[in-house]
Structures are given as structure tokens and as C-alpha cells.
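Biologist: Hi, I'd like to talk through this structure with you. Could you put it up so we can both look?

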Number of protein chains: 2
Amino acid sequence: MKNEIKIFSPATVANVACGFDVLGFCLDNIGDEMLIRKTNKKGIFITKIEGFDLPMDAELNVAGVSALAMYEALNVDYGFEIEICKNIKPGSGIGSSAASAVGSVFGMNELLGKPFSKTQLTEFAIKGEALASKCEHADNLAPAIFGGFTLVKSVSPLEILEIPSPDDLYVTIIHPQIEIKTSEARAILPKEVSLQSAITQWANFGSLIHGLHTSNYELISKSLHDVIIEPHRSKLIPYYNEVKMEALKTGALGCGISGSGPSIFSLSKGLENAKNVEDAIKNVYSKADIKFDTYRSRINTEGIKIIN
Amino acid sequence: MKNEIKIFSPATVANVACGFDVLGFCLDNIGDEMLIRKTNKKGIFITKIEGFDLPMDAELNVAGVSALAMYEALNVDYGFEIEICKNIKPGSGIGSSAASAVGSVFGMNELLGKPFSKTQLTEFAIKGEALASKCEHADNLAPAIFGGFTLVKSVSPLEILEIPSPDDLYVTIIHPQIEIKTSEARAILPKEVSLQSAITQWANFGSLIHGLHTSNYELISKSLHDVIIEPHRSKLIPYYNEVKMEALKTGALGCGISGSGPSIFSLSKGLENAKNVEDAIKNVYSKADIKFDTYRSRINTEGIKIIN
């Protein structure tokens, strides 16, 4: 059995428009690299963090907390070391903490000979994610672990559905380098919504699930509307409406806030359109005095994986 | 070309649990029979109504109003006579007015050589349905015309999605013979709902659509929950909770209010279970001093049809 393993832990988009709080998908070429190593000393040890300044103490580190949750379920006379090369900026809205949380448990599970199911891995990762977001949710964890589109039907008990998606679906992300406080993103949400808008939201969400199942790009496009969350949270993201307008004008299928922002995602049919959308939204932000990154990716149907 | 045609216009269930206001399905062996006949005299004429006492004046009759809506779109030098053998009791909650509204336009369209699409027929039928329910909606019309499960994504513009369903899905209906006033069923609904319950509803609705696509009976069962409408409207239906409890105890996949009631539907895997559910819910109502009917049906994937 191997003693160490290298992992690519992908970025993810949660709160996909009308699928707020339940639907997410996985990205292909943006993610953290992690090395998980068996060690004679019992316990979980973060031995190296590159990229961003994060706590080395396992109990204060998202990857450490999920690893400890799994470790407590084991009865082994050895421990694990975790090295993290963090590429996804914390707070960017594309599942940075989720990538850390799943990376450690996925790697440990591989070294142990896969005793745990993907759903069980998600359960452990929820503990790590809760350290970062102060609540237990799985909308970034599930797509990172399962790949593709996932619907978290419920957290307790944890029920994750894998939703198929068409082959030629691409995503473009823009990450404006501003900070949105999680507390602010939460406080801005209404506690009550009109029944009429709720009905519109579930009509769109049901249609989106049907569109993904049937590879109906036109329907996917018509369904990617969020009448409940976006009107509030988009106010926290400078140039949100301009980005969205330009993306749609360029032929994007839809556009929305990634997670709780500040990143914005657009979905496209085909790489060519995703590239054009990237150019168009870069153009919007180039006029602003805000640093930003953009990413382009196919939908990653594999999810987290071993690399050499 | 034929001069007259006989139609079976099926009963339907709308407001399917978490799919309130958008999801409906079609029944097999409960419905109205209608005869549509070309006549030399221009106009639309209701010439016979059996079963229930309904207006003979086309402009005051649901089937007449939808027929007139289509007739106005035609330029023909003849008219149509409509005979209605009404088997679905008005106000029962299983799409009585919808069956009338679609029957006339479906029959006329057949006699005309099918110039109109199913969606166009639904548009005409909406006009008839509006006479009965005082608002334009298509959640009973769409399953009657298309068959199977339908999702009305939006009414304006009219967008109807046909959702596949597993072969072995059966429905049991109990119709307690009480009257629920539409105005009361509407007034009892909240104008605002909590964001949390709305999220639960769309998680369930997305899961139900996925479950129907994947013939996953367990998931269909887990998804058939309505946390928003049922708590209010079920109060208007005597013994609702008892019927639901007995149906679920007997192995029904789920149970809910059909339309705005008073009928209650249960879904079952297999005919055998549907029969057992029928016995169980009959048993509940036999103890009450309320007259009732029960029906059992496969999901009718064909929808409205010509009969001899």
C-alpha cells in the first residue's frame, strides 16, 4: 500500500441560480493540490501550507478538522501528514474551504484502501467546512467529491443526487478581488419571500433539472434565473449587472453569483462561447479599479482525483 | 374528412405536492366523453350535456369558451356542435373544467386536420379554464393534452415540459363529496413563506424531477413532500391527515391534495399497492358521515384521445 498520495481538489460553484442552497457543480482546471502522507506518529498534522496564510494547527484548519473527523472514526496506530498547495483564494466564492475539507479526507480514504463511501467522505468534510462557514452545508463539498452537477436534497440525513449534464457545457468565472463578509451576505437575505416568487423559483429549478437531464441548452438557459437571492446579493458585487448583461449579450446560457460571491459564473455552450464571454466580462472589469482573475473550465464530471 | 369525432378527455391531478402550481399528471380511466360534430351553421353550439347541470350557452360553458377561442382563430364557413357526457364532477379537484376545456379544442383540431400544436391547443383551453377558475393557468390542461407528467414552466409565454415517469406508477384518488370554495382555498394560502421552507420545497421538487427521470421510486417517495401549501389547505379536507397516514402506512410513495381539493391523491409502485391503498383510505372514510368516491389509475401517458 502506498504511503503518500497527491490530490487535485477542485474548485466548485454552489448556489447555481434557481438552485440556491442545493445545486452545485465542479470545475476542471482550478483547484488546490494536496499531499497526504502516512506517518508513524498518531494524529493529524498539517506540515506545509503554500499559497495563502492559513493555520497550521489541525484543529484550526479546515482540512485538519475534516481529517480529524475521519481519524476519530478510525482505529489505527499511525497518523497522517497533510501538505496543502492552496491555489483557490479563500473567500473567492468558488469553494476554497470545500476543496481543503474534501482533499484531506479523500486522500486519507485512498491511502486506507477506500473504506468510506463518497457520501461518508462528504459527512466528514462537512465538519471541516463548518469551521469556515459556521454552518453545516454540503453544496460545495458534494460537487468536489462526486464531480459534475450535484443536488444536495438534504443535509441531515445527507442525501446527494448526481445530476447528469450535457458534454459541451463550459463555465467562465470572474473573481473580483474584493471581500464580501459572510455575515453581510447572510444578513442581506430576506427571511420571508413571496409565495409567487417561490413558485417561479421552483418552476425554474425543476426545469433546470429537466434541461440538464435532456441536454436541452435552450431550456437550461431559460431556467437559469434566480428571482429570490440575486436581487439582494448582487448589490454586494460591483458591476454585477454589467457583467451579467455582457455575458448574456455574448451568448452565455446564464449567469449568476458563485456561492455567496464575489465570484460570478457564466455557463456557455461550447468552449468558443466561454472564451468570448471571458473576453466580454474582462472588458467590463478592465474599466473598473478592481483587481480580478478569470477562469474558464469544462464541467468536471470526475471530481477530486489522484495526480502524480 | 370525418364530420364527427368522439373523445375521451381525462381527469388530471395538479399541484403535485412540492410541485404546487406547476406539476400535474394524467389519469387513465376517469374522464369525460365528448362528441364534436361539424355543422353547416357557423358558430359553436353546445347541443347536449349529460351527467351534470351545466350551461348550454357556449359563452357560459368552459368547453364552449375554449372552442370559441379556437374558432376565432379559424376562417371557416361552418361551425361545430359539442355534446358532453360529463363524468368528472365539477369541483372535485381532479380537473373537471380542464377536461371540458381541452375536449372541445382537441376534437375540433382533429376534425380540422390538426392545424394546431398541443401547446396551441393548451392556449385555447386556457381561455375556457379561466371561465371556471377566474385565472389563467394550465396545470390541469397540460397533462390532459400531453399525457404523463407535465411541468408548466410558465403560462405567459406558455412553456410546457413533458417529464418522463416510471412504467409502474399508479395513483389512487379519494374524492370526498364536500364542496371547497375556490375563494376559500385561495384565501387560506399565505402571501409570504419563509425562505427556508421555500428552499426545502425546491430541493424536493428538483429531486422529484430527477426521481421521475431515473425511475427511482425511493427518491420519488422521499421527494413527495409539500411544506408550503399542504399545512394550510389540508385543514379544509376532513380526515386528510388520517387518509395520508393510512396511505403511507400501506406503502404509498406519497400522498397530497389533488388540485385545490377536496380530492386526495396517493402514488404507488404497482397496481397491487394502489389497490391496498384504496382499501385503506376507503376504510378511513367509511367511518365518516361523508359520501366519497375512489378511483385507481395508471399514469396515462397518452392523454386525451379519440374513441369509437
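Modeller: Here you go, and keep in mind that this is a predicted model. Chain B and chain A bury about 2800 Å² between them, and carbon and sulfur atoms give 68% of that area.

Biologist: Which residues of chain B supply the most of what chain B buries against chain A?

Modeller: The top three are B:K153, B:L195 and B:W202, which supply 26% of the area that chain B buries against chain A, more than any other three residues.

Biologist: And how many residues are in contact?

Modeller: There are 37 residues of chain B in contact with 37 residues of chain A.

Biologist: How are the two chains related?

Modeller: Chain B lands on chain A after a rotation of 180° with 0.0 Å of shift along the axis, and the RMSD is 0.0 Å. That is the relation of a two-fold axis. Both copies use the same surface, since 100% of the contact residues of chain B recur in chain A.

Biologist: Nice. What about charges, how many salt bridges are there between the chains?

Modeller: The count between chain B and chain A is two salt bridges. In one of them, the side chain of B:E159 meets that of A:K222, at 2.9 Å from N to O.

Biologist: And how many residue pairs are in polar contact across the interface?

Modeller: The rule finds 13 such pairs between chain B and chain A, with both residues at pLDDT 80 or more.

Biologist: Which elements of chain B give two or more residues to that side?

Modeller: On chain B they are the strands β2 (19-39), β5 (149-154), β6 (159-163) and β8 (192-194), plus the helices α6 (195-213) and α7 (217-223). The largest share comes from α6(B), with 13 residues.

Biologist: How does the side of chain B that touches chain A divide by residue type?

Modeller: It divides into 20 nonpolar residues, ten polar and seven charged.

Biologist: Back to β8 for a second. In which sense does β8 of chain A pair with β8(B), parallel or antiparallel?

Modeller: Those two strands pair in the antiparallel sense, over three bridges. Within that pairing, A:V193 stands opposite B:V193.

Biologist: Changing topic: what should I know about the backbone at B:P157?

Modeller: The peptide bond joining B:S156 and B:P157 is cis, with omega about 0°. You'll find B:P157 in the loop between β5 and β6 of chain B.

Biologist: And what about the bond from A:G261 to A:P262?

Modeller: That peptide bond is cis too, with omega near 0°. A:P262 sits in the loop between β9 (254-257) and β10 (264-269) of chain A.

Biologist: One last thing: what is phi at A:N15, and where is that residue?

Modeller: Phi of A:N15 is near 55°, a positive value in a residue other than glycine. A:N15 lies in strand β1 of chain A, which covers residues 4-16.

Notes:
Residues are numbered from 1 along each chain as its sequence is written. Chains are lettered from A and ligands numbered from 1 in the order in which they are written. This is a predicted model: local features need pLDDT of at least 70, side-chain atom pairs count only at pLDDT 80 or more; totals for chains, interfaces and linings use all residues. Side-chain values use heavy atoms; hydrogens and water are left out. Copies are superposed by least squares on the C-alpha atoms of residues with pLDDT of at least 70 in both. Contact means heavy atoms within 4.5 Å. Buried area is the accessible area (1.4 Å probe) that two parts lose on being put together, summed over both. A salt bridge is a side-chain nitrogen of Lys or Arg within 4 Å of a carboxyl oxygen of Asp or Glu. A polar contact is a pair of N or O atoms within 3.5 Å; within protein, one must be able to donate a hydrogen and the other to accept it, and residues adjacent in sequence count only if both atoms are side-chain atoms. Helices (H or I, at least four residues) and strands (E, at least two) are DSSP runs, numbered from the N terminus. Ala, Val, Leu, Ile, Met, Phe, Trp, Tyr, Cys and Pro count as nonpolar, Asp, Glu, Lys and Arg as charged, and the others, Gly among them, as polar. Two strands pair if DSSP finds at least two bridges between them.
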